[in-house]
Amino acid sequence: MKYVLMMHIPRAGYGAFGAWSQKDIAANFAFVRNLNKTLSESGEFVGAEGLAMPDQAKVVRAGKDGMPITDGVFPESKEFLAGYLMVDVETTERAYEIAAIWSAAPGPGGLPLNMPIEVRQGMSVGANELP
Amino acid sequence: MIETLPNAFDEHLLRELAPQVLGAIVRRFRDFAAAEDAVQEALIAAFIQWPRNGVPENPRGWLIQVASRRMTDQVRSEIARRERETSVARDAETMVFADEIEPDMDMDPNDTLILLFMCCHPALSSSSAIALTLRAVGGLTTAEIANAFLVPEATMAQRISRAKQSIKASRVPFSLLPPEDRAERLPAVLHVLYLIFNEGYASSIGAHLQRLNLAREAIRLTRCAKNLLPDDAEVAGLLALMLLTDARRAARTGPDEGLIPLDKQDRSLWDRAEISEGIEFLTAALSKGSVGPYQLQAAIAAVHDEAARAEDTDWPQILALYELLKRVSPSPMVTLSHAIATAMVHGPSKGLELLKPLDSDDRLAEHHRLNAVRAHLLEMVGDHETAVRHYRIAASRTTSIPERNYLMAQAARLEESPNCPEEKTTTP
């Protein structure tokens, strides 16, 4: 079963990130790299992507002529998607377990961030007989 | 790799030979993990060379020879490494491998069976057992298996490699299990084959057709298992079930790629050859006496397949078979199907009554199938409003895109014309 694990970061979190020490930043990156490596080795890794800072993000809608109309990030947005991890696991519990590991990635002073991770199951393209 | 092949013959031949070659190499070198790698390399060499140079006169011998050379090279480099590291004199026990081997000295049809039982080891997770079986017994490449399960090749390679390590760690000897142990392990083997089939069949929807047909691979492997265990009725039952289900493949998807339920399928699209072969195997299996769950499921599939039109379906017969299945192999899914059969024989209210206990069954209470069946039966009794609600709940709970689309369409159809049911009575 495939799951997408999404890390949302509050707007304030992005600001705070700039104030992290070099050592803390390095420790956090190493943690994430190591997590991806562990998941590759366990045969569960499908994909992962870290997203750029939301400052430059745009919201796009199609105009009447189908051309894109872009808008800046809305100031009322409280949190942004920081990145996602996609895994293929045997059970839902295993997906939660991985989410908890990621959630505890180290922050300032090496303390766990305990960030909320949204866990969503992917849809399959297969189907069984239905009545 | 597959696309570069000029014809499918080589591919099939290679897949037939893969487990035999692997069996011969494991028996000679006694290292499953290394042998498996060596055989994959030999298969890849054949993929490249045979279409160009022609199939060798003794293809199996050719593969054994190439894989053995690879093993010998590995052993040599391992010895060299150990010598460098420990400067211990060459171990007297270390064999000297001849470059040229007699290719036909190892031919044992049981090798394939040993491999199958090894790969479907109960210590492995089902995804690992499936991957390893497809590779070691099925002769598929890691890339093909990764593609079929839509995961990166590196991930699948790791999954296979870990499975091989687990087998190595469990110190399973490479030999045929005694009959009593084999009987005990057989359900796990059949379950893995069934899962491979189901994965392939479920994915056989319109544009999402897998490049590698896992249902066909499962049928091939089960056919092979049946040849090796000719007296086992459940192996034959499983093969019959696969054939009788796969026969409907072409009819289960519409031009818009929507799911078509059994009672709406164009039965002229069903594969008659597969149906008669399935019925033949089933009949032979049933005459053996011990009737297991795969034979019963195959028998149910056969009753559906034998009806020329949906309304000709022998529902009393199906109901009787589900009653047997409930006794032999009870599960909430069987109870669900039993409720449908009951509704078809004794009316939808009787079917709905049978669904009630399932609401308190943890395995099914929040499963979309329970809502889908309930919606269907509610529609049959004429409670369209509640039926719509259950179709919608089912749609929100399924994790399959075609199922969700189908269930949403059912809800919309019923809501738009509540007094105008489908052209004919629906049957599951």
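## Close-up views of chains A and B

**View 1. Three domains are assigned in chain B.** The domain assignment divides chain B into domain 1 (2-108), domain 2 (231-311) and domain 3 (357-428). Please keep in mind, here and in the views that follow, that this is a predicted model. If you look from domain 2 of chain B to domain 3 of chain B, their C-alpha centres are 25 Å apart.

**View 2. Four strands of chain A form an open sheet.** Reading across the sheet, the strand order is S2-S5-S1-S6 (chain A), and the pairing is antiparallel. Strand S2 (45-50) and strand S6 (117-121) of chain A are the edge strands, each pairing on one side only. On average, and with direction ignored, neighbouring strands of this sheet are turned by 20 degrees against each other.

**View 3. Strand S1 of chain A pairs with S5(A).** Here we move in on strand S1 (residues 2-10) and strand S5 (residues 79-88) of chain A, an antiparallel pair joined over nine bridges. Two pairs of residues help you find your way along these strands. A:Tyr3 is placed opposite A:Val87 of S5(A), while A:Pro10 has A:Glu79 in S5(A) as its bridge partner. As you follow a strand, it helps to remember that side chains in a regular strand alternate between the two faces of the sheet.

**View 4. S1(A) also pairs with S6(A).** These two strands are again antiparallel, with five bridges between them. A handy landmark is A:Met6, whose bridge partner in S6(A) is A:Glu118.

**View 5. Two helices of chain B cross.** Helix H11 (residues 272-286) and helix H12 (residues 293-306) of chain B have axes that come within 10 Å and cross at roughly 140 degrees. Because of this angle, H11(B) counts as oblique to H12(B). The crossing of H11(B) past H12(B) is left-handed. From H11(B), the contact takes in B:Ile275, B:Gly278, B:Ile279, B:Leu282, B:Ala285 and B:Leu286. Facing them from H12(B) are B:Gln295, B:Ala298, B:Ala299, B:Ala302 and B:Asp305. By class, the residues of this contact of H11(B) with H12(B) are eight nonpolar, two polar and one charged.

**View 6. Chain A touches chain B.** In this last view, 19 residues of chain A are in contact with 28 residues of chain B. On the side of chain A that touches chain B, helix H2 (22-41) and S2 of chain A are the elements that give two or more residues. That side of chain A has seven nonpolar, seven polar and five charged residues. You have already met S2 of chain A, as an edge strand of the sheet.

Notes:
Residues are numbered from 1 along each chain as its sequence is written. Chains are lettered from A and ligands numbered from 1 in the order in which they are written. This is a predicted model: local features need pLDDT of at least 70, side-chain atom pairs count only at pLDDT 80 or more; totals for chains, interfaces and linings use all residues. Domain bounds come from an automatic or database domain assignment. Two strands pair if DSSP finds at least two bridges between them. Axes are lines fitted to C-alpha atoms, for helices over the stretch in contact, and angles run from 0 to 180 degrees between N-to-C directions. Angles under 35 degrees count as roughly parallel, over 145 as roughly antiparallel, 65 to 115 as roughly perpendicular and the rest as oblique. A crossing is left-handed if the near helix is turned anticlockwise from the far one by less than a right angle, and right-handed if clockwise. Two residues are in contact if their C-beta atoms, placed from the backbone, lie within 7 Å. Ala, Val, Leu, Ile, Met, Phe, Trp, Tyr, Cys and Pro count as nonpolar, Asp, Glu, Lys and Arg as charged, and the others, Gly among them, as polar.
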